[in-house]
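Ready for some practice in reading a protein structure? Grab a pencil, look at the picture, and try each exercise before you read its solution.

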Amino acid sequence: MKTKISLFSLFMLFMLFQATAQKKPLTHDVYDDWKSLQSTTISNDGNWTAYRISPQVGDGILEIKSLTNNKTYTIDRVGRYSFSKNSDFVVATVNPEYEKEHALKLKKTTSAKMPKDSLFIINLKSGDIKKVARVKNYQLSNESTEWIAWMHEAPLEEKAKKEEGEKAEEAKEDKKPKSKSKGSEVVLYNMVSGSESRFEGVMEYELTQKGNYLYFEKDEADSLNPAGVFAFNTKSSKEVTLNSGLKDYKKLTATEDGEQLVFFATNSDKKDDDQYFSLMHWKAGSNEAKIIADTTTAGVPNNWMVSDNSNPRFSESGKRLYFGTAPRPVKYAYEEDTTMLDSERPAVDIWSYNDPYIQPMQKLRANRDKNQTYDVVMDLKSMKLVQLGNQNLESIYIDTENDRDFVLAMDDQTYRVQYTWDTQLPRDYYKVDVNTGKAKLLMQAGKGFMSLSPEGNYLTWYDPEMEDWFVMDVATETIRNLTEGINVSFANELHDSPSLAGSYGTAGWSEKDAAFFIYDRFDIWKVDPKGKVASENVTNGFGRKSNISFRYQSLDRDDKFISMKAPVLLSATHEWTMQDGFYTANLSKASNPTKVVMEDVSFGRLIKAEDTDRVIFTKSTYEDFGELYVANSYKMDGLKKLTDVGAQEDPYNWGTAELIQFNSLEDGEEMQAILYKPENFDPNKKYPMIVYFYERRTNSLHSHPSPAPSASTINIPYYVSNDYLVLVPDIKYELGYPGPSAYNHVVPATNAVVNMGFVDKTKMAIQGQSWGGYQVAYLVTKTDMFAAGGAGAPVVNMTSAYGGVRWGSGMSRMFQYEKTQSRLGGTLWETPTRYIDNSPLFRMDEVQTPLFIMHNDEDGSVPWYQGIEYYMALRRLGKPSWLVVYNGEDHNLVQRKNRKDLSIRMGQFFDHYLKGAPMPEWMANGLPATLKGRTLGYELVDETNSTVEGEGASLMKEKVKGNK
């Protein structure tokens with residue numbers, strides 16, 4: 001049967017082709033204005049949604065959209081915003097205009113004179129907007145429909161009049177002492193009635209969740225207005241002085257019902273070396289706050305003190321208070337010696353073999369260790385204080401939702417020395433009696449993290465050595481293996497490093513601790529902590545049969561238990577096709593989950609309205625921006641698209657993403673990669689291709705990246721839009737052979753695309769950062785199939801890197817090579833050949849690929865000297881290579897100016913080697929130190945007239961040309 005094509009259809013196809021053909025490539029100029037969707041939320045009643053649409057640089061907008069009619073409010077330049085509990089109001093901070101701020105900064109305007117945020121209170125019913133200037137911050141009651149409080153910025157100073165006569169007159173009249181308060185004005189506002197109360201000189205404030213009290217601390221204004229802490233009752237409009245006349249107050253903390261308050265107070269001067277604080281407590285109905293804990297309180301250890309470095313926390317019931325104590329500071333005679341000049345004191349670090357942490361870690365932890373506090377609990381009825389933690393038991397897990405007779409504690413001090421080479425430390429766990437403070441050992445040298453069940457009846461943990469889940473009955477301390485005998489793995493089945501494999505986690509508990517739900521790779525298991533009922537795969541093995549991973553989704557943030565009475569929502573991801581969606585399942589018994597939706601997209605988290613079933617969420621593909629959608633429930637009924645931010649992409653040549661298959665050279669296993677193509681892709685053309693990789697990345701198939709300046713890696717949308725293909729293969733690693741593993745996956749994945757016929761195999765490149773940068777450095781010693789390579793922060797010498805320090809964390813690098821990402825599986829002295837064989841530096845003479853290297857001089861993850869070793873070897877051998885170093889930057893670039901610069905330079909490098917574009921000045925002739933900060937060297941040059949690269953580089957060009 002012949003298919004007839006109408007002239008109209010031909011015309012439409014022609015127009016579609018024309019539209020695609022005329023689309024522009026992305027440029028580096030688009031980054032600042034490129035918009036994203038941020039801070040999506042839904043009102044409690046489900047009738048409104050709000051979201052910010054923000055450019056990468058500049059002023060964004062807040063849209064507040066009705067989900068029941070066509071009403072929309074649009075507010076410019078909004079930062080933080082909140083819905084009121086009754087959904088009648090939106091409160092938002094409005095930031096100053098970006099361009100005005102930028103202009104003032106160019107004029108070097110002082111911070112005090114810069115424009116400040118404003119506050120908008122939008123009445124969603126009437127459309128009225130209350131605008132308040134110069135607002136520093138605000139607090140909105142979570143459980144009140146009326147009250148909001150905000151703090152103003154310090155008032156602007158009025159300009160004094162210049163006339164001498166007026167000055168003299170003012171001097172005569174102005175005899176009042178000036179206020180010395182450093183505080184600001186706080187305003188308490190009733191959004192329903194419009195009434196307000198104002199409080200001057202406030203340093204700190206707290207509006208209670210129910211809106212029944214505003215608590216605030218005032219700084220000393222003058223001799224008649226001393227510092228103090230006050231309570232304002234919003235119902236009676238009465239202000240009560242809780243305490244006044246002391247030197248310093250801090251950390252006002254109220255109970256959930258707002259009826260109690262605690263705070264730290266001291267009469268020590270802030271300049272004193274040692275400030276001793278008391279903890280004060282006030283209860284509604286009391287005349288004043290009372291000291292409930294200080295250095296003299298029973299239960300506080302000798303020579304210890306109440307620590308203002310701790311954060312007080314009430315239990316949910318309001319019956320208990322948790323805070324911290326600490327040893328009093330020790331004064332050493334040496335530091336007090338006033339007969340020595342600073343220049344006479346030695347500056348020395350002592351690295352001891354038996355230090356719990358090495359010196360770099362100690363330095364990074366110094367402030368934390370200096371301010372270390374140890375938890376105590378106080379019964380607010382008896383006022384009995386019990387010390388829970390101490391220097392031998394630092395970590396106490398406080399559960400404020402329950403008032404149990406014990407808390408869980410963990411200690412790892414015995415094992416900290418081995419943290420130098422192994423991050424999977426053993427831990428000792430204890431049960432601490434809240435009435436006596438006595439600690440009882442529950443588990444010694446356990447490898448798992450213990451977790452307490454909601455009702456406190458059981459402790460559960462995953463043992464990575466046994467690869468099983470365990471439970472302990474808290475009352476009897478009997479231990480059971482929960483997963484023994486189940487014929488599936490609960491350890492990560494794709495784990496491919498010498499470290500112990502982690503678990504897939506858990507979904508949680510049913511009511512009354514009756515059942516515990518555990519994940520395997522695909523399914524959910526219900527286990528009985530008592531061991532009386534057989535374990536059951538409640539998703540019926542459907543996940544494993546279908547290659548779908550199911551995970552429980554809680555839509556109510558207040559849910560503590562998983563229901564076994566009604567169906568629950570499960571997220572679902574197909575591991576091979578990367579389809580995403582949702583199913584429902586009844587977890588009380590084994591049954592196949594019921595599909596709600598499954599699409600070739602990536603769904604964002606479902607956000608449910610508190611009082612209705614309505615949900616909002618995003619969904620995206622590489623082709624389609626992650627727009628916001630609303631549905632009447634998780635069943636996706638009444639589905640409606642709310643935003644159209646992706647329209648900004650319409651003028652540009654975007655792209656597509658697809659999965660391809662290839663076979664590993666190592667064992668022939670079928671693997672996957674993502675292939676990105678330009679939107680105007682023509683299979684009859686020959687395209688340049690960049691191969692980017694890290695480990696496994698195909699689960700990002702449906703993510704929708706924005707064009708943005710790069711922190712370290714290629715920005716895929718930019719290159720695809722500019723007629724590059726981009727390939728991202730998965731890599732599976734063989735222990736001890738990370739370099740060969742990269743080769744065994746990157747090379748066949750690349751060849752699989754070359755065999756499709758639309759790649760110019762003489763114009764291919766590879767790029768990676770950190771672990772990816774290492775793999776690039778290794779690959780170019782093993783193949784000359786790539787015309788260029790980009791290696792960011794690469795390790796090239798595993799023998800020298802092994803003994804180094806990760807300065808960002810202060811940790812030794814040993815663990816990485818022995819146990820984790822580098823996957824060598826032994827020490828340098830146990831397996832020296834692995835370190836050498838996997839190190840590119842020892843085969844630099846085999847490199848035939850021009851290289852773009854970025855390594856920054858404050859890299860806290862990979863030693864900067866690795867980049868220098870790489871560059872020095874290539875330079876010595878005359879290999880075309882450029883090392884780009886951003887001053888003061890860490891592993892990945894943070895500063896936007898540097899990200900833009902990297903994006904331009906990396907683009908110019910690849911354009912030169914893959915598209916034949918002229919070299920820029922910085923590549924052709926370098927950027928001499930004398931010109932640093934005076935020019936960027938982006939200008940393209942005529943290479944025939946430039947003094948380029950040296951004899952070695954010229955020979956290399958000829959060699960590479962001959963190989964092609």
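**Exercise 1. In which strand does Ser54 lie, and which residues make up that strand?**

Before we start, the ground rules: this is a predicted model, where local features need pLDDT of at least 70, side-chain atom pairs count only at pLDDT 80 or more, and totals for chains, interfaces and linings use all residues. Residues are numbered from 1 along each chain as its sequence is written, and side-chain values use heavy atoms, with hydrogens and water left out.

Step 1. Find Ser54 in strand S2, residues 48-55. Strands (E, at least two residues) and helices (H or I, at least four) are DSSP runs, numbered from the N terminus.

Step 2. Check its cover. Buried means under 20% relative accessible area, exposed means over 50%, and partly exposed is in between (1.4 Å probe, protein chains only). Ser54 has 11%, so call it buried.

Step 3. Look for a partner. The Ser54 side chain makes a polar contact of 3.4 Å with the side chain of Gln38. (A polar contact is a pair of N or O atoms within 3.5 Å; within protein, one must be able to donate a hydrogen and the other to accept it, and residues adjacent in sequence count only if both atoms are side-chain atoms.)

**Exercise 2. Work out where Lys251 and Lys512 sit, and say what is odd about their backbones.**

Step 1. Start from the usual case: most residues other than glycine have a negative phi.

Step 2. Lys251 isn't a glycine, yet its phi is positive, about 60 degrees. Lys512 isn't a glycine either, and its phi is also positive at about 60 degrees.

Step 3. Now place them. Lys251 belongs to strand S16 (residues 248-254), while Lys512 is in the loop between strand S33 (506-509) and strand S34 (516-519).

Step 4. Compare their cover. Lys251 has a relative accessible area of 24%, so it's partly exposed; Lys512 has 66%, so it's exposed.

**Exercise 3. How many salt bridges does a search of the whole structure find?**

Step 1. Recall the idea: side chains of opposite charge can pair when their charged atoms come close. Here, a salt bridge is a side-chain nitrogen of Lys or Arg within 4 Å of a carboxyl oxygen of Asp or Glu.

Step 2. The search turns up 33 salt bridges.

Step 3. Try one: Asp308 pairs with Lys250, with their closest N and O atoms 2.9 Å apart. This pair links distant parts of the chain, since Asp308 is in the loop between strand S20 (304-306) and S21, Lys250 is in strand S16, and they are 58 residues apart. Asp308 is buried at 14%, whereas Lys250 is partly exposed at 24%.

Step 4. Next, Arg416 and Asp412 form a salt bridge of 2.8 Å, N to O, and both residues are buried.

Step 5. Finally, Glu610 bridges to Arg557, with the closest N and O atoms 2.6 Å apart. Glu610 lies in the loop between strands S42 (607-608) and S43 (615-620), and Arg557 in the loop between strands S37 (548-553) and S38 (568-574), so the pair ties together parts 53 residues apart in sequence. Glu610 is partly exposed at 33%, and Arg557 is exposed at 68%.

**Exercise 4. Which residues are linked in a network of salt bridges?**

Step 1. Hunt for charged side chains that join up in a group.

Step 2. The network links Glu493, Asp520, Arg521, Arg544 and Glu575.
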